[in-house]
Amino acid sequence: MSDHEQRTPVVLQGLSENDPHLQPASRNPAQVERVIAVCFVAGILCVAGFGACFWVNAKPWTLGATLGGGLSFLGIGLVAWGKYLMPQGPFVEERHVLANSQDDRDALAASIVQRGGGVVKRRKLLGGLLGGGLGIFGVVALFPLLRSLGPLPKQTLDHTDWRKGSYAVDITGRRVHVGDLAVGSIVTVFPEGTQNTDRGQAVDQTVLIRISNENFTTQKGRETWGPKGYLAYSKLCTHLGCPVGLYEQELQVLVCPCHQSTFNVLNGAIPEFGPAPRPLPQLPLYVDASGYLRAQDGYNQPVGPGFWERS
Amino acid sequence: MSVDVPVTKRTKRQAQGPYGSIGKVIDELDDRLGVAKGGRTFMDKIFPDHWSFMLGEIALYSFIILLVTGIFLTLYYIPSQALVTYHGAYLPLDGQRVTEAYASSVNLSFAVRGGLLMRQMHHWACDIFVGAIVVHMARVFFTGAFRKPRELNWSIGLTLLILAILNGFLGYSLPDDLVSGTGIRIAFSIVLSIPIAGSYVAFWLFGGNFPGTAILPRFFILHVLILPLIMIGLVGAHLFLLVRQKHTQFPGKGRTENNVVGSPMFPVFMAKTTGFLFVVGGVTALLGAFAQINPIWQYGPYVASRISYAVQPDMYMAFLDGALRVWPSWSFHSFGYTIPFEVFIPAIILPGIIFNLAFLWPALERKFTKDNALHNLLDRPSNRPKRTAAGVAILAFIVMLFFASSTDLLANFFHVSLEEVLIAMRVMILVVPLVTYPITYKICKELQLTKGGGKRKTPGIVTRSEEGEYASTPSPTYVDDVHSAPAPTEVPCYIYPAPEETEELGGTRVVDR
C-alpha cells in the first residue's frame with residue numbers, strides 16, 4: 001500500500017468523485033471483491049447452519065462452531081470491504097479548539113459567583129438552614145439504609161454452637177463413636193443438630209482426626225483434650241476462613257487448599273507455613289459412658305479469620 | 001387530476017429529489033430536529049488508523065456480548081439459596097440436595113437449548129473484557145494518551161476496570177458451586193479484616209454472618225442491574241468524551257497537534273468496526289464452543305464445610321490471591337483488639353495503592369514534568385523512558401503477583417517444595433520490578449539512539465561496478481516515516497497556536513538510513 005502512504009491527507013468534504021483519495025486501496029478490486037463474496041457466502045451458510053443446529057437441538061459445540069464461524073466470516077468480509085474497497089484517504093479533519101475565550105470563562109464564573117453567590121450571601125440564615133437540613137437528612141438517611149441491610153455483629157463471631165456435652169456428629173447426623181475411626185482417619189464433625197444448618201456448616205465445622213489409640217496431649221494444659229488419640233480442631237482456616245480440608249498423614253499437618261497455610265496437628269495446630277497468623281482452635285473432647293465423643297466445652301477463642309473486635 | 005403526466009416509478013423518483021426516499025426522511029427529520037449539520041459532521045468524523053486503537057474496541061464489543069448473553073442467562077437463572085433436590089439432565093448429581101441457584105445454573109447448561117454455549121460465551125467474554133481493558137489501558141499509558149486534556153477519560157476507564165473486576169467476581173459467584181462459594185467465603189473474610197468497621201460492613205453486605213441468606217439475591221441484582229447500569233453510563237461517557245475531544249494520533253505525515261488524519265466514520269470506519277464487532281463475537285462463540293470454562297457440574301454444589309483442591313479465582317482476581325499467598329502472617333493483636341494485617345494489607349491496602357496510583361498518575365506526571373500543555377500527538381514509548389520503565393515495572397509487579405496465585409501448581413509442576421516456591425515468589429515480586437525498571441530504561445535510551453528506530457526497513461540496492469566492486473546504496477525512506485523530532489517542551493498548545501513558521505522549523509526531518 002505504499003501508494004496510500006505517499007498521498008497527502010486531504011479534507012473529505014468537497015472532493016471530486018474521481019479524486020484518488022476516494023478510490024479503493026486495493027490494486028485489484030475485482031479479485032478482492034470475489035474473496036469477500038466467498039467470505040460472505042461462507043458466513044451465510046454458517047449462520048443458516050446455526051439455525052438448523054438449533055432447530056434439531058444438535059450438540060452445543062456445533063451451535064458455537066456455526067455461530068462463531070458465521071460471525072467471523074461475515075466480520076472478516078466486512079472488515080476487508082472497509083479496508084480494501086472503500087475510500088482510503090487519508091483524510092484530515094481539523095480539531096476545533098474546545099476551550100473558550102477568557103471573557104466567556106469570566107462571564108460564567110461571574111454568573112455563579114455574583115448572581116448566585118450574591119443571593120446566598122444576602123440570606124445567610126436561609127442558606128445555612130437549608131444546608132443544615134440537607135446535611136442532617138444525608139446522615140440520617142444512612143441509618144435505616146445500613147441497619148436494614150443486616151444485623152449488628154454483636155457477639156456472633158465470638159462463639160460457635162459447640163457447648164459443654166455437645167455430641168460430635170458427622171454430616172449425616174450420626175454420632176461419632178470412639179471405635180469409629182481407625183488411626184490416621186479424619187472426619188468433619190458438627191455439634192449435634194447443626195449439621196444441616198448454614199451456621200453449622202460454615203461456623204461449627206470441626207475436623208476430627210485420630211492419631212493414635214492413646215490419650216494425646218497437644219500442648220501444656222490440654223492433657224485431657226485428646227482422649228483415645230482423637231483430636232478436634234476448628235476447620236476454619238485462621239487466614240481467610242476456607243475449610244482446612246487437606247490432611248497429610250505422614251507429616252501430621254492440615255493444609256488449607258486456598259493459600260497453603262499449614263498447621264501442625266501434633267502441636268496444637270500452630271501454623272508452620274503460609275499466611276495464617278494463629279493456630280486452629282482446639283476443641284476439648286471426652287468419651288462419654290456410652291463411648292460417644294462429646295465436647296468438654298466450646299472453643300476457648302473465636303474460630304476463623306481475624307477481625308477488629310477479636311480480643 | 002393531471003392526465004398528461006402519467007404516474008410512473010420514474011416520475012415518483014423525480015418528485016422526491018436527487019436523494020430519493022433517504023433525502024425525504026432527512027428533510028422531515030431536519031424540519032423537526034435539525035439533524036443535518038450535526039449528522040454530517042458525525043458521518044465525516046475522522047478516525048485515525050492504528051492497530052493499537054483496536055484494543056479498546058475489543059473491550060467495548062466484549063461488553064456488548066456480555067450484555068446480550070447475560071440477558072439470555074437471566075431468563076433461566078434463579079437467585080435463590082433455597083434447597084431443592086436435583087433431578088435433571090446431569091445424572092451424577094441426580095438426587096443431591098443443592099441450592100436453586102446451583103440447580104438452575106446446571107439446568108441452563110444442559111436443559112436449555114444454547115444455554116451451555118451462552119454461559120461459556122458469557123464467561124469467556126468477561127475474561128476477554130477485563131483483559132482487553134488492561135491491554136487498552138497499557139496502550140494509553142505507554143503512548144501518553146492519558147495526558148491533558150484526557151485525564152478525565154483515563155479516570156473513567158480506570159473506574160470501568162475496577163467495576164469490571166468487581167462485577168466479574170459477583171457473576172462468578174452466582175452459580176453457587178464449590179469453587180465460587182469458597183471465593184465468597186474469602187471475600188467475607190477480607191471485608192471482616194477492615195479495622196473497626198470490618199465486622200459491621202461484612203454483616204451488612206451479607207445480611208448476617210457468613211453465609212447468611214441474602215448473598216445470592218443481592219449479588220444477582222448488583223450483577224445484572226446496578227453495576228451494568230453504572231457501567232453502561234460510564235461507557236457512554238467514555239465514548240462521548242472520545243468524540244468530543246477527538247482521537248489522539250501518532251506523529252506522521254500531515255499529522256499535527258491540531259488535526260486528525262485517518263478514515264471517515266461513514267462508511268469506512270463503520271464497516272471496519274462493525275466487522276470487528278462480528279469477529280470479536282465470532283471468536284467468543286468459538287471459544288465458547290471448543291474451550292470449556294468453569295464446569296460447575298464437576299465442582300459440585302457449595303457446601304461450607306467442603307473444599308476443592310487447587311482453588312483459584314478467575315484470572316482478573318489472581319493478583320489479589322497471589323498477594324494474599326505471599327504476604328507474611330503478620331497479625332497485630334493488642335489492647336483487646338486485632339488488626340488482621342495478614343489480610344488487610346495484601347487484599348485492601350495493596351490494590352488501593354495500585355489503583356490510586358493509576359488514578360493520580362496523570363496529575364503526578366504533570367507535576368513532575370511541569371508539562372501542562374494539551375497533547376493530541378502520541379509518544380513513542382522509547383521517547384519517554386522514565387514513564388515506560390515505571391509502567392513496565394508496575395506491570396511486572398502485578399504479573400509476579402499473578403504467578404504467585406499459582407504457588408501450589410508451580411510446586412507440583414516443578415516438583416519442588418511449596419516453601420521454596422513461596423520464598424522464590426516473595427523475592428521475585430520485589431526484585432523483578434526493581435530489575436525491569438533499569439533494563440527498560442536502558443532499552444528505551446538505546447532505541448532513541450537507533451537511527452530510524454521503529455521505522456520500516458527499506459531495501460538496500462546492491463550494485464556491482466564494472467571493476468567487480470559491490471556497493472550498497474539505501475533506497476529512499478517511506479514518506480510516511482518522516483517524523484517530527486520529539487521535543488516535549490516545544491509541543492504546540494492548540495489554545496494558543498504557535499506562529500506558522502515554527503511548523504517548518506519544528507524539526508521535521510527525514511530519517512535517512
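Two strands pair if DSSP finds at least two bridges between them. That rule is the starting point for this predicted model.

**A sheet in chain A**

Strand S3 (residues 168-169) and strand S4 (residues 186-191) of chain A run antiparallel, and two bridges join them. S4(A) also pairs with strand S5 (residues 206-210) of chain A. That pairing is antiparallel too, and it has four bridges. The table lists bridge partners, including one pair that links chain A to chain B.

| Residue | Stands opposite | Strand of the partner |
|---|---|---|
| A:Ala168 | A:Pro191 | S4(A) |
| A:Val169 | A:Phe190 | S4(A) |
| A:Thr188 | A:Val207 | S5(A) |
| A:Val92 | B:Val261 | S4(B) |

These pairings belong to a wider sheet. Five strands of chain A form an open sheet in the order S3-S4-S5-S6-S11, with antiparallel pairing. Which strands stand at the edges? They are S3 and strand S11 (282-283) of chain A. Each has a single partner strand, so one side of each is left without a neighbour in the sheet. Strands of a sheet pair through backbone hydrogen bonds, either parallel or antiparallel.

Chain A also has a domain assignment. It gives domain 1 (2-92) and domain 2 (161-295). The C-alpha centres of these two domains of chain A lie 65 Å apart.

**Where the chains meet**

Chain A gives 77 residues to the contact, and chain B gives 84 residues. Several elements of chain A contribute two or more residues to the side that touches chain B, among them helix H1 (2-6), helix H3 (60-85) and helix H5 (124-149). Which element gives the largest share of that side? H3(A) does, with 18 residues. By class, the side of chain A that touches chain B has 43 nonpolar, 24 polar and ten charged residues.

Strands cross between the chains as well. S2(A) pairs with strand S4 (residues 259-264) of chain B in the antiparallel sense, over four bridges. One of the bridge partners is B:Val261, which matches A:Val92.

**A helix and a loop in chain B**

Helix H6 (residues 115-142) of chain B has 28 residues. From its first C-alpha to its last, H6(B) reaches 40 Å, close to the 40 Å expected at 1.5 Å a residue. Is H6(B) mostly covered or mostly open? H6(B) is mostly covered, with 22 of its 28 residues buried. Just after H6(B), B:Gly144 takes a positive phi of about 70 degrees.

B:Ser80 sits in the loop between helix H4 (54-74) and strand S2 (83-85) of chain B. Why is B:Ser80 partly exposed? A residue counts as buried if 20 or more other C-beta atoms lie within 10 Å of its own, and as exposed if 12 or fewer do. B:Ser80 has 18 within 10 Å, so B:Ser80 is partly exposed. Leaving out residues up to four places away in sequence, B:Ser80 touches B:Thr99, B:Glu100, B:Ala101 and B:Leu216. B:Phe53 is 27 residues from B:Ser80 in sequence, and the two are 42 Å apart in space, C-alpha to C-alpha.

**How far to trust the model**

The model scores ipTM 0.92 and pTM 0.90. Chain B has a mean pLDDT of 89, and 90% of its residues reach 70 or more. Over residues 501-509 of chain B, however, the pLDDT is below 50. Beyond near neighbours in sequence, this stretch has seven contacts in the model. Where pLDDT is low, the predicted coordinates should not be read in detail.

Definitions and conventions: Residues are numbered from 1 along each chain as its sequence is written. Chains are lettered from A and ligands numbered from 1 in the order in which they are written. This is a predicted model: local features need pLDDT of at least 70, side-chain atom pairs count only at pLDDT 80 or more; totals for chains, interfaces and linings use all residues. Two residues are in contact if their C-beta atoms, placed from the backbone, lie within 7 Å. pLDDT is the predictor's confidence in each residue, from 0 to 100. Domain bounds come from an automatic or database domain assignment. Ala, Val, Leu, Ile, Met, Phe, Trp, Tyr, Cys and Pro count as nonpolar, Asp, Glu, Lys and Arg as charged, and the others, Gly among them, as polar. The expected span of a helix is 1.5 Å times one less than its number of residues.
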